[in-house]
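Colleague: I am new to this structure and would like to take a close look at a single part of it. Please choose one helix, start from the place where it begins, and then follow its contacts outward into the rest of the chain.

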Amino acid sequence: MSQWKQIQQLEFKYLEQVDYLYDDNFPMGIRQVLSDWIESQDWDMAAHHESMATVLLSNLLSQLDRQCSQEQNFLQRHNLKNINKQLQIKYKAYPLLMAGVISTSLREERRIIASANIPEQGPLEKSVQNSVAFERQKNMDNRVVIIRSSVQTLDPAVKCLEDMQDDFDLRFKTIQSRDPADRNTEGMEQEVTRLQEFLNNLDFKRKEILSKMSDMIKEIDALIASQLNPELMEWKRRQQINCIGGPLLTGLDQLQNWFTLTAQSLFQMKRQLDKLGELILKVTYASDPISLQRPQLEEQVKYLIDHLIKSSFVVEKQPWMPTHPQKPLIIKTGVQFTTKVRLLVKLPEVDYQLKVKTIFDKYLPPGRVHRQFFILTSTTKVMDVEESSNGCLSVEFRHLQLKEKKYVNGTKVNEGPLSVTEELHSLSFEAQFNIQGINIDLETCSFPLVVISNVSQLTGGWASIMWYNMLTDEPRNLDFFASPPRASWGQLSEVLSWQFSTFTGRGLNREQLCMLGEKLMGQQASHNECQVSWSKFCKENIPGKPFSFWMWLDFILELIKKHLLPIWNDNCIMGFVSKETERACLKDKEPGTFLLRFSESHLGGITFTWVKQSDSGEAKLISVEPYTKSRLSALPFANIIRDYKVIADGEVPENPLKFLYPGIPKDESFRRHYNSQQSKVFPYISSTWIPISTLQ
């Protein structure tokens, strides 16, 4: 079944996640009408090769043209033509960007399908999904709109007050212009009495407006403190979880809408207070409420504007290397990395350039011995209005590079007590600007980063990124690994399953996770609350092996991604099976039944075990030497299973693999994965590699 058909059969809550994947960058209409063609292309590779991306973009547009010519529905044909034009405008000069967008969308689809097939959510996913409850969003929407409407109603009230004051001013000046001889007459006294009543009424209206403004400021303050800030913090927590493979990150556009509407209300209140300031230049008096209350209200509004805009300055895309897009927050020296910051408040039209500066390691822990780095490339860039995000200001740094300082003030820099992959760093962003007389200093920072100098450190670096973001929501705890906390098996198993769904499209089931838990902790792993130390996870070697648990698992991930992906996603590989479980599964099966599992003794190895009937009639289990990436690079694993032969005691070589456990005919499971292409080198006949084992 195609991936798109699987998507269409999901429950509504998963379809909502799919809906977030598609926008003007990759319209869902294209995904629908070209689903089979899109899934047949290698977008992952195209995202890293411009020539291939250019060809795929051309082919995509041709496919759309063909679909338009065949479409009978006039409206649908019109929409497809518009999509075609938009894609040409957006991606003609940036084909790599298009390939990256489609690659990410397809990968996220696979992750959503995988999560839908897992019967229970883990503790991390439950926590982040509860934080975006529909009812709470609806409540927030209503509250922001009510505040906006209430602030707008103050405009006509201020205008009415201005008209009223002009009327009073005219009457007052009229009385002042009278002849002094007439001021003691009864008529004059009546006019003065009426003028005093008018002034009392004006005073009442001023107090009424100021009281409403004070109430609105308190309401906005409460909104920011009780809802807006918590929603922002929870979005950042979801971003952390997404960085390590968790659920799709959504909600930033919604946050931007809330921030912008709130900021618009505050800017409007500031203009209203400015207007009140103009009124008292014309008319004021003893105990004038505007003179007494306006300065304090203005300070409160300025503070809220400053706080709101500072809070809205976020890292939309955490630093990541295009060479390893699925492992963000790891930076290799000398390799370009990308990051993006965004201002969630849409500012009024202004005549200035908002420049953002990047600073590396601004907040290192005091007294810590650490490596030092500097940014090679330009560190300053101007924020620009981004149409795809509804006009917000954002800036993307695409070509940043780090270089290590070997010497500081002539002294060689020594490494600290932590390993390279446990040493955390940060990337800060700063900007300054003035709006409506308010000076605002913006600052935000990335989540902690691991800086490596060799790709061999990538495995350990990713372990650090997972452990940190799994266990803490602190944005800048760079001393975290000085004393790393333990993780529960419930938390860790969920994150490990995410690694498989992110990198391969299929997560781990309960049985596979149980085997991993037993391998890591022994029989106690059946309890989700069992605690795992950082050292046991990735620093200590597995007993009797020269590698750690995480290194063993990460090599398996790489093996699947590069050599086993189709048969892994077809559920042909049982994978994580102990030898005891393997024997229990196969002992009563007929000869020729086999299963595929990952080697426990080799890094990045896969083997198959089959049932052979001994001379005495008992079932005997035989396992082949594990295949690693060096052997699988020469011959696809499905072909190995198809062509494998065993020679025993001079008998004719035969393939002992007949039925994939529990009893599926081999060709039924693997036929679609066989590579039957023959090399054609005239005038020679083609040859085939046959894997053979000899049984003594």
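Modeller: At the start of helix 16, a side-chain oxygen of Asn 509 comes to within 3.2 Å of the backbone nitrogen of Glu 511, and this is where I would begin, keeping in mind that the model is a predicted one. Helix 16 covers residues 510-521, which makes 12 residues, and from its first C-alpha to its last it reaches 16 Å, close to the 16 Å expected at 1.5 Å a residue. Just after the helix, Gly 522 takes a positive phi of about 90°.

Turning to the sides of the helix, its buried residues are Gln 512, Leu 513, Met 515, Leu 516, Gly 517, Lys 519, Leu 520 and Met 521. In reading such a list it helps to recall that an α-helix has 3.6 residues a turn, so residues three or four places apart point the same way. As for what lies against them, the buried residues of helix 16 pack against helix 15 (489-504), strand 17 (531-532), helix 17 (534-538) and helix 18.

One of these buried residues, Lys 519, deserves a closer look for its charged partner. The side chain of Lys 519 meets that of Glu 600 in a salt bridge, with 3.2 Å from N to O. This pair links distant parts of the chain, since Lys 519 belongs to helix 16 while Glu 600 sits in the loop between strand 18 and strand 19, 81 residues apart. Both Lys 519 and Glu 600 are buried.

That loop leads on to a sheet. Strand 18 and strand 19 belong to an open sheet of five strands in the order 20-19-18-22-23, with mixed pairing. Strand 20 (619-623) and strand 23 (664-665) stand at its edges with a single partner strand each, so each of them has one side left without a neighbour in the sheet. Towards one of these edges, strand 22 (residues 659-660) pairs with strand 23 in the antiparallel sense over two bridges, and the bridge partner of Leu 660 in strand 23 is Ile 664.

Helix 18, named above as a packing partner of helix 16, meets this sheet as well. Helix 18 (residues 549-569) lies across strand 18 (593-598) and strand 19 (606-613), and runs at about 145° to strand 18. Helix 19 (residues 579-586) also packs on the sheet, where it touches strand 18, strand 19 and strand 20, and its direction makes about 165° with that of strand 18.

Within helix 18, Asp 554 is worth following, for its side chain meets that of Lys 327 in a salt bridge (3.7 Å, N to O). Because Lys 327 lies in the loop between strand 1 (313-320) and strand 2 (330-332) and Asp 554 in helix 18, the pair ties together parts that are 227 residues apart in sequence. Asp 554 counts as buried, at 4% relative accessibility, and Lys 327 counts as buried too, at 6%.

The side chain of Asp 554 also makes a polar contact, at 2.8 Å, with the side chain of Thr 459. Thr 459 is found in helix 14 (residues 458-471), and its relative accessible area of 13% is under 20%, so Thr 459 is buried. Leaving aside residues up to four places away in sequence, Thr 459 touches Trp 550, Met 551 and Asp 554.

From the loop that holds Lys 327, the chain can be followed to strand 2, which takes part in another sheet. This is an open sheet of three strands in the order 2-15-12, with mixed pairing. Strand 2 and strand 12 (424-425) are at the edges, each with a single partner strand, so one side of each is left without a neighbour in the sheet. Strand 2 runs parallel to strand 15 (residues 449-452), to which three bridges join it, and the bridge partner of Ile 331 in strand 15 is Val 451.

To set the two salt bridges of this walk in context, the structure holds 26 salt bridges. Some charged residues form a network, as Asp 253, Glu 316, Lys 340 and Arg 342 are linked by salt bridges.

Key:
Residues numbered from 1 in each chain as written. Predicted model: local features only at pLDDT ≥ 70, side-chain atom pairs only at ≥ 80, totals over all residues. Heavy atoms only, no water. Pairing = 2+ DSSP bridges. Helix = DSSP H or I, 4+ residues; strand = E, 2+ residues; numbered from the N terminus. Contact = heavy atoms within 4.5 Å. Axes fitted to C-alpha atoms, helices over the stretch in contact; angles between N-to-C directions. Expected span 1.5 Å × (residues − 1). Buried < 20%, exposed > 50% of the residue type's maximum accessible area, 1.4 Å probe, protein only. Polar contact = N/O pair within 3.5 Å; in protein donor to acceptor, adjacent residues only side chain to side chain. Salt bridge = Lys/Arg side-chain N within 4 Å of Asp/Glu carboxyl O.
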